[in-house]
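Please open the structure in your viewer and follow the stops below in order. At each stop, make the suggested selection before reading on.

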Amino acid sequence: RSPTAAAAAAADDDEQNRSTMPLRVQLQRILTARSDRVKSVSLHSTEPWILSCLYNGNVYVWNYKSQQLLKTFEVTDQPVRTGAFIERKGWIIVGSDDNMLRVYDYNTMARLKAWEAHTDYIRCVVVHPVQPYVLSSSDDMTIKLHDFSKNWANTMVFEGHTHYVMMISINPKDTNTFATASLDRTIKVWGFNSPTAHFTLEGHEKGVNAVQYSLAGDKPYLVSGADDFLVKVWDYQSKTCVQTLEGHTHNVSVCCFHPEMPVIVTGSEDGTVKMWNAKTYRLEKTLNYAMNRVWSVSYQRGSNCIALGYDEGTVMIKMGRDEPAMSMDANGKLVWAKHNEIMTANAKNRPALAAAQKAQHAAPRAAEAAEAAA
């Protein structure tokens, strides 16, 4: 065969190996905190904290290492549907069904600001990773930009959705853009410099509850979940749906790409959390912790942990292990996960094998060094 044909055949073999080998996802539940219905969870990036926003109007901060409830904020007598840490300030911001946004100092627990930000229920707040911005979305069909360097001035209103705006996700690869999911069955992509959307993604047959960008890898992908029980993966550059994931039996309420592993995590009102191979789109694992409906998911770059909010409380799971799992087929093909990529090497190829072994042992050494430093 010609070199070109041989390379194509090798690529086909490699793809076949990737598609037939299961991605071994190890799971460890590290927190189960029973409470009233949790509508939102958010992880702190450096502290072992989960912010849980409850339908009963309270907000909890859990320490998932000590398994202790650190702080309780009695916010309102109406549901608190969303919340986030503003870490650079030592604040939390929460949004609720009284149309209010409230900001607290999470060290002193003092309320710093409260104002009516929308004319209907507030569904989502997200904090910009660099700029002094918070975006909020609402059943009033708008997204609003708030600048906390200007005493929380509302500096822009984004309009175009024709139903409730359920979720916002800022693009980690281009923080000048963000996506929104709406019950008008669409996902819209926006820029911070314009009140109208750049474009709209259509394909779900019912309202869209969730949207998140992929953090890792070079693929320009979004994932969405909707009331048609489906999860869709989108290429936001070509503006096309590249895959539809079927398996949930009720509304899909949350979805995300795992920040460190080639896994898509989805949660539903059917009570399950499903984990899909982000390369082959095969369903790898279904979790059911018997805590009723799933309402929220949170993750942090650099961490294998995922927080989940349920009707009956908050759960934290750790995915994977410190040492990357590696498997080999009969032909000597090695497959392992590194960050968000699936890596391959041939055992007969000594340099590649050495690199694989080095990758396998780097994580435990780093963990030991960190532990020694601590």
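Begin by selecting strand β18, residues 208-213. In this predicted model, the strand is mostly covered, with six of its six residues buried; buried here means under 20% relative accessible area.

Next, add strand β19, residues 221-226, to the selection. The two strands run antiparallel, and five bridges join them. To view a single pairing, select Ala210 of β18 together with Gly225, its bridge partner in β19.

Now turn to the largest pocket, whose volume is about 1,400 Å³. The pocket is lined by 48 residues, and those closest to its centre are Ser42, Val125, Val126, Ile168 and Gln212. Which strands should be selected to see at least two lining residues from each? They are β2 (38-43), β6 (80-86), β10 (122-127), β14 (165-170), β18 (208-213), β22 (252-257) and β26 (294-299). The strand that gives the most to this lining is β6, with six residues. If you colour the lining by class, you will find 22 nonpolar, 16 polar and ten charged residues.

Finally, colour the protein by pLDDT, the predictor's confidence in each residue. The average is 88, and 81% of the residues score at least 70. Select residues 1-20, where pLDDT stays under 50; the model has twelve contacts for this stretch beyond four places in sequence. Then select residues 363-374, where the pLDDT is also below 50. Beyond near neighbours in sequence, the stretch 363-374 has five contacts in the model.

Note on methods:
Residues numbered from 1 in each chain as written. Predicted model: local features only at pLDDT ≥ 70, side-chain atom pairs only at ≥ 80, totals over all residues. Heavy atoms only, no water. 1 Å grid on protein atoms, 1.4 Å probe; cavity = no way out; pocket = protein on both sides within 12 Å on 5 of 7 lines; lining within 4 Å. Points joined across faces, edges and corners; volume = space filled by probe spheres on them. Helix = DSSP H or I, 4+ residues; strand = E, 2+ residues; numbered from the N terminus. Nonpolar A, V, L, I, M, F, W, Y, C, P; charged D, E, K, R; others polar. pLDDT = per-residue confidence, 0-100. Contact = heavy atoms within 4.5 Å. Buried < 20%, exposed > 50% of the residue type's maximum accessible area, 1.4 Å probe, protein only. Pairing = 2+ DSSP bridges.
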